[in-house]
Amino acid sequence: HDNTAPFLTSRLIQRLTASNPSPRYVLTAATAFKEGRYTADNGNVFGDGIYGDLKAVFAAIYLDREARSVVLDSDPSQGSLREPIIKLLSVLRSMEFKSNSPVLRFRSLLTKIGQDNHSFESVFSFFLP
């Protein structure tokens with residue numbers, strides 16, 4: 001289907017590099033998906049020319065100027081949002097949290113942070129498709 005490449009590549013970009021990719025970035029990755037080939041700025045070619053070649057898609061995602069720009073790193077609207085549960089676990093890890101029990105139980109997270117562990121409402125987890 002015509003929207004398969006943009007749909008999949010925009011979701012991959014959101015998970016791997018930027019939560020709000022530009023249309024140009026999505027188009028670059030979608031073109032790599034459709035053509036099965038991506039040529040980097042240095043001339044290296046990735047992919048075998050087969051529709052849906054993930055080698056070309058991942059190269060397009062990671063080697064694109066939007067993913068590697070130092071200027072965009074200072075832009076507060078650029079970057080990747082994290083799911084609330086992932087953010088909570090990251091804070092616990094950064095504080096070197098140690099539990100006294102072998103199983104750590106988070107109770108009523110849905111009402112506290114908007115996401116419950118191990119009971120996602122859809123296959124897309126916290127983010128809508």
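Of the 129 residues in this protein chain, 26% count as buried. Please keep in mind that the model is predicted. The chain folds into seven helices and two strands, and their order along the sequence reads α-α-β-β-α-α-α-α-α.

**Overall surface and contacts**

- The protein chain exposes about 9,200 Å², and carbon and sulfur atoms supply 57% of that area.
- Among contacts in the protein chain with a separation of 6 or more, 52% are between residues 24 or more positions apart.

**The largest nonpolar core**

- The largest nonpolar core has 15 residues, and the members that touch the most other members are Ile13, Ala29, Ala32, Tyr38, Ala60 and Ile61.
- Three elements give two or more residues to this core: α1 (4–16), α2 (23–35) and α3.
- Helix α2 gives the most to the core, with six residues.
- Tyr38, one of the core members named above, has a long list of neighbours once residues up to four places away in sequence are left out: Thr28, Ala32, Asn44, Val45, Phe46, Ala56, Ala59, Ala60, Leu63 and Asp64.
- Two of the residues that Tyr38 touches, Ala32 and Ala60, are also on the list of core members with the most contacts to other members.

**A nonpolar patch on the surface**

- Leu16, Leu54, Phe58 and Tyr62 make a nonpolar surface patch of about 340 Å².
- Helix α3 (residues 54–63) gives the most to this patch, with three residues.
- Helix α3 therefore serves both settings, since it gives two or more residues to the core and three residues to the patch, with partly exposed Tyr62 as an example on the patch side.
- Tyr62 is found in helix α3, and it counts as partly exposed because its relative accessibility is 41%, which lies between the 20% limit for buried and the 50% limit for exposed.

**Helix α6 and its two sides**

- Helix α6 (residues 84–94) has the buried residues Pro84, Ile85 and Leu92.
- These buried residues lie on the same side of α6, because they cover an arc of only 100° around the axis.
- As background, an α-helix has 3.6 residues a turn, so residues three or four places apart point the same way.
- The face of α6 turned away from the buried side carries Arg93 and Ser94, which are exposed.
- The cover over the buried residues of α6 includes α7 (109–113).
- After α6 comes Glu96, whose phi is positive, near 55°.

Conventions. Residues numbered from 1 in each chain as written. Predicted model: local features only at pLDDT ≥ 70, side-chain atom pairs only at ≥ 80, totals over all residues. Heavy atoms only, no water. Patch = residues over 30% accessible without salt bridge, like charges linked within 9 Å, V, L, I, M, F, W, Y side chains within 5 Å. Areas by Shrake-Rupley, 256 points an atom, 1.4 Å probe, with all protein chains shown as cover. Salt bridge = Lys/Arg side-chain N within 4 Å of Asp/Glu carboxyl O. Helix = DSSP H or I, 4+ residues; strand = E, 2+ residues; numbered from the N terminus. Buried < 20%, exposed > 50% of the residue type's maximum accessible area, 1.4 Å probe, protein only. Contact = heavy atoms within 4.5 Å. Core = buried A, V, L, I, M, F, W, Y, C linked by side-chain atoms within 4.5 Å. Arc of directions from axis to C-beta.
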